[in-house]
Amino acid sequence: MKPVMTRLMQFAVAPTIAIALLLSMGATSPNVRYHRIGHELMCVCGCNEILAECNHDSCPDSPVELAELKADLAKGMTDHQIFAAFQAEYGATVLAAPMLTRFNMVAWIVPPLLLVLGIVGVMGLVRKWRLRAAAVPAAANVEHFDHLRSRIRKETEL
Amino acid sequence: MPTFGTYALLLALVLSAYNLLAGAVALRQIATRKRGRLSPERLAETARRAGIACFVAVTCGAFALVWAAFTNDFSVAYILHHSNRALPAPYKFAALWSGQEGSLLLWSWLLAGYGLVVRLRHKVDVKLSAYASTILAGIQVFFLLLVNFAAPPFALVQGAVPHDGFGLNPLLQYPEMVIHPPMLYLGYVGLSAPFAFALGALMMRYPGEKWIHITRRWTMVGWLFLTCGIFLGAHWAYQVLGWGGYWGWDPVENASLMPWLAATAFLHSVMMQEKRGMMKKWNVWLIFSAFLLALLGDMLTRTGLVSSVHAFAQSSIGNWFWPFLVICVAVCLFTYFLNRDHLKADHKLEALVSRESSFLFNNVVLMAACFTVLWGTLFPVLSEYVQGNKVTVSAPFYDRVAVPIGVFLLFLTGVGPLLAWRSTSMRSIRKNLVAPTVAAVLTGIVVIAIGVHPWSIFTSTPGTFYAWMTFMLAAFVTTAIGSEFFRGARVIQKQTGKNLFASVVRLTRRNTRRYGGYLVHFGVVVIFIGLAGSAFNQSVEKELDFHQSMNIGPYRLECLDYSEDTNPNYDTEYALLNVYRDGKFVTQLDPAKRFYQASQQASTIVAERSTPEWDLYVVYAGKDPQTGQPIIRAHLNPLVMWIWVGVLIVIWGTLIALVPSMQPGSANEAAKSLGKRELVTAGKAES
C-alpha cells in the first residue's frame, strides 16, 4: 500500500506546484477589471441579478452603478477600495459574494473545510477497517467457499 | 365548477387521511400480531383502495381548475390572477402551476399519481408496498391540508367579477414553461416514493435486499425527471430571461440542485449495498436527505425566506412547511435510532485504492457540493441572524467554491470505474490509467496551443483555468469510459465473432445498468465541456440605425429594419438583423421585446444562431428614447449546445440503465442468436 500512496501523493503534488507557478503570473487591464468587478457586484433595484448582467427594461439603478464603477476605475482605485465604496453607498448586499472579513470568512471556509474533513475521514475509516479486517483470521470451509463463489460472481459480472 | 373542485379536494383529504390511519392501524396490528374486528389484511386493503380513490378525487380537483382557466371563470381568484381571455390555450393549461395554489395542487396530484402506481403495483411486495403507501398517504395529507386550508385554489373573488383576468406572468409564456415545472415537480415528488420505501423497509426491518432494488429504481425515475426539469429550467432561463446565461445560482435553482446531488450520491453508493452489503446506514440517510432537501427546496421557493428572482409564488405558507419538515426529520431520526442495528454492514472496506473507496470519495464530494449549495443559499439568513445585516451569496461565491468541487468530481468520474472492487494493484492502476492520462495531457497541450491560457487565472476570473482543467479531465474521463466499452466489447467480439459495434450493443444489453451508467457519465462530461465554455463568453452592446452594423467574434450584425407589431395578447418591438460571418451571409435574426397588455409587463424574445462551436445570442435591449433606434446586445457564448446534447445523452443513458439486463445465455438471447443462425444458414442455402 505504501508505494501506491507515495505515487498518489506525487500525482497530487505535481499539479499543486504547477498551479502555484501559474498563480504567480499575469497582469490586469482596465477593460478586464471593469468586466470582472461588474460580475462581483449586484444590481440594487431588487432584481437580484449580477450588475454586469442586469438587462431588464429601464432599470433605474444598473446604469448608475456601472457609471460609478467606470469612474472609480478611472480614478485608479484598487478592487478593495471600489468594493468598500459600493458597500458604503449601497450596503453589504451590493457585493455578489461576502468579503473576507470577520464572520463573512465563515462562508468561504466552511465548505472546503468540510470537504477536506470528509476526505480525511474516509481515509481514516478505510485504514481502521483495513486493520480490523487483518486482525480477524478467515475461516475456510465449504459453506464459506460457496458464499465466496457467489460473491465473486456478483461482484465481477461483466 | 369551483364548488366541484373544492369538494373533490376535501374528499381527497378525507380519503388520504383514511389511507394513513387505516394503513397505520393495519400495519401496527400485523407487526404486533393483534387482530381487531376486521382482519389487518382487509383493513390494509381498504386503505390501499382509499389511496387509489384519492388519486381520482385530486384529478377531479386539478381538472376543475384547468376547466376554470379554459372557460375564463374569473370568479375564481386564482384564475383571475393567472389567466386572461387572450391567453393562448397551452398557457391556460400552464396556469395550473403558475401560482402558489395551483402549483400545490399539481404537487398533490403528482404525489397521488406516484401513490397510485405504488398501490397498483403492490404485488411486487405486498407488505413493503403497504408501508410505502401509508407513508405516502402521510405526505399526501399534508399537501391536501395546504390546498384545502392554507392556499385553496378555488377561493372566490370578493365583490363584482372582472370581465378579464390579469394575465399570466410573461416570463412563463414560453413553450418550455408548459413542460419545465411539471418535470421538476415530477422529480421533486418522485423522491417521495423511494423515501417511503426506504422508511417503510426500516420500520418493518425488511429482511433481505429487495427493498434496496425497489428504492433504487424509484430514485432513478425521480432523478431522471429532476434532471430533465433542472435542464429545461436552464434552457428556459437562457431563452427567455435574456441575460445570456443559463444558471444564475438563484436560491430556487439551488433548491432543485440539492436533492439532485443527494439522489446522485445515493445512486452511486447504493451499488455498494447491492454488491457488498455495505453503507446501509449511509444509504438510508442519503435517500432521507434527498426527500427532505426536496421539501426544503419547495419551502424556499414558496416562503421568500431567501431573496430570489422566482418571486411569483411567495407567501406566508412557511408556517405550515416548518412543522411538517420538523415532523419528517423527527420520524426519520426516531425510526433510524429504533432500527439502526438492522442496518449493519456485511463487509468492511479493505483498501484505500478500490472501487468501494472511490464511491465513498464520490459520495463525500457530492455531499460536500450539496452542502456548499445549501450553505450558500442559507448563509444570507445566517448572516442576518449573527451580524444583523444580510449579505448576498451569488455566482462569484459558487464559482470559487462549488466549481473546484465539480472539477474534482469530474476527475473521480474517470478514476472510479477503472478501479476494481475490494482492492486494486499498482500494476492495474498503471495499466488502466495510462491511456486516459496521456489523453488528458495531450488535450491540455492542444487547448493551450489554440489559445486557452490557464495562467490568466489572476488577470481575469479563474474561469479560464477551470475550463482548461475541465477540457483535460473531459478527455481523461472519455478515454476511461471508451476503454471500458472497448475492453468489454473485445471479449464479446471474441466470443461471438460479431463486429465491434454489435459487440458494444450486446455488452450494453447484458449489463444495462453498468453501461447505461457509463453513458450517463459521458453525458455529464459533455455537459461539463459546455459549462466550461462560459469562461470565454463575449458580449457587445450597440445602438443601431438602418444598415449600421456591429461586430462580435467572427460575426458582423447589420440592422436591416426595426419596427413594431401588435396582437390581442401583446405588443412587439423588434429589429431585423442580417448576420455575416467572415463577410459571408449566414442567417437573419429578429430579436424582439414584447409588452403584455393584461399584466403590463415586458419580456425579451431572444434570437440566436446555435452551432456546436458557439451560440450567437442577440437581445433587443430596448429603444434609445432620444433617437428611437434599437439597442442591440449580442453575446457570443461558446459550446452552449454541448450542454443540451449532454443532457440528451444523460437521459438516454438513464433510460438504458432502467431497462432490465439481458442475461448471457438467456432463453431470449439464445433464441435470437439461433434465429439469426437459421437465417444465415437459409441465406447461404439460397445463394
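**Hairpins, sheet, core and helices in the predicted model**

In chain B, strands β4(B) and β5(B) form a hairpin with two residues between them, and in its turn B:D582 has a positive phi of about 50°. The structure described here is a predicted model. The two strands of this hairpin, β4 (residues 570–581) and β5 (residues 584–589) of chain B, run antiparallel and are joined by five bridges, and B:R581 has B:K584 as its bridge partner in β5(B).

A further hairpin of chain B is made by β2(B) and β3(B), again with two residues between the strands, and here B:G553 takes a positive phi near 55°. Strand β2 (residues 549–552) and strand β3 (residues 555–566) of chain B are antiparallel and are connected by four bridges, with B:E558 in β3(B) serving as the bridge partner of B:S549.

Four strands of chain B form an open sheet in the order β1-β10-β9-β8, with antiparallel pairing. Its edges are β1 (538–543) and β8 (607–610) of chain B, each of which pairs on one side only. On average, and with direction ignored, neighbouring strands of this sheet are turned by 15° against each other. The edge strand β8(B) is joined by four bridges to the antiparallel strand β9 (residues 614–623) of chain B, and B:E608 finds its bridge partner in β9(B) at B:Y617.

The largest nonpolar core contains 246 residues, of which B:F197, B:A262, B:A290, B:V365, B:A369 and B:V618 touch the most other members. Helix α9 (residues 210–241) of chain B supplies the largest share of this core, namely 19 residues. When residues up to four places away in sequence are not counted, B:A262 touches B:L286, B:S289, B:A290, B:L293 and B:C370.

Elsewhere in chain B, B:G414 lies in helix α14 (residues 395–415). Because 24 C-beta neighbours lie inside 10 Å, B:G414 counts as buried, the threshold for this class being 20 or more. Beyond its neighbours within four places in sequence, B:G414 is in contact with B:P436, B:L473, B:F476, B:V477 and B:A480. The C-alpha atoms of B:G414 and B:L433 are 9.3 Å apart in space, the two residues being 19 residues apart in sequence.

In chain A, helix α3 (residues 62–74) has 13 residues and reaches 18 Å from its first C-alpha to its last, close to the 18 Å expected at 1.5 Å a residue. The buried residues of α3(A) are A:S62, A:E65 and A:L69. These buried residues cover an arc of only 65° around the axis and therefore lie on the same side of α3(A). In general, an α-helix has 3.6 residues a turn, so residues three or four places apart point the same way. The other side of α3(A) carries the exposed residues A:P63, A:A67, A:A71 and A:A74. Following α3(A) is A:G76, whose phi is positive, near 85°.

The loop between α2 (30–38) and α3 of chain A contains A:S58. Since 9 other C-beta atoms lie within 10 Å, A:S58 is exposed, the limit for that class being 12 or fewer. Between A:S58 and A:R132 the separation is 74 residues in sequence and 68 Å in space, C-alpha to C-alpha.

Conventions. Residues are numbered from 1 along each chain as its sequence is written. Chains are lettered from A and ligands numbered from 1 in the order in which they are written. This is a predicted model: local features need pLDDT of at least 70, side-chain atom pairs count only at pLDDT 80 or more; totals for chains, interfaces and linings use all residues. The expected span of a helix is 1.5 Å times one less than its number of residues. The arc is that of the directions from the helix axis to the C-beta atoms. A nonpolar core is a set of buried Ala, Val, Leu, Ile, Met, Phe, Trp, Tyr and Cys residues joined through C-beta atoms within 7 Å. Two residues are in contact if their C-beta atoms, placed from the backbone, lie within 7 Å. Two strands pair if DSSP finds at least two bridges between them. Axes are lines fitted to C-alpha atoms, for helices over the stretch in contact, and angles run from 0 to 180 degrees between N-to-C directions.
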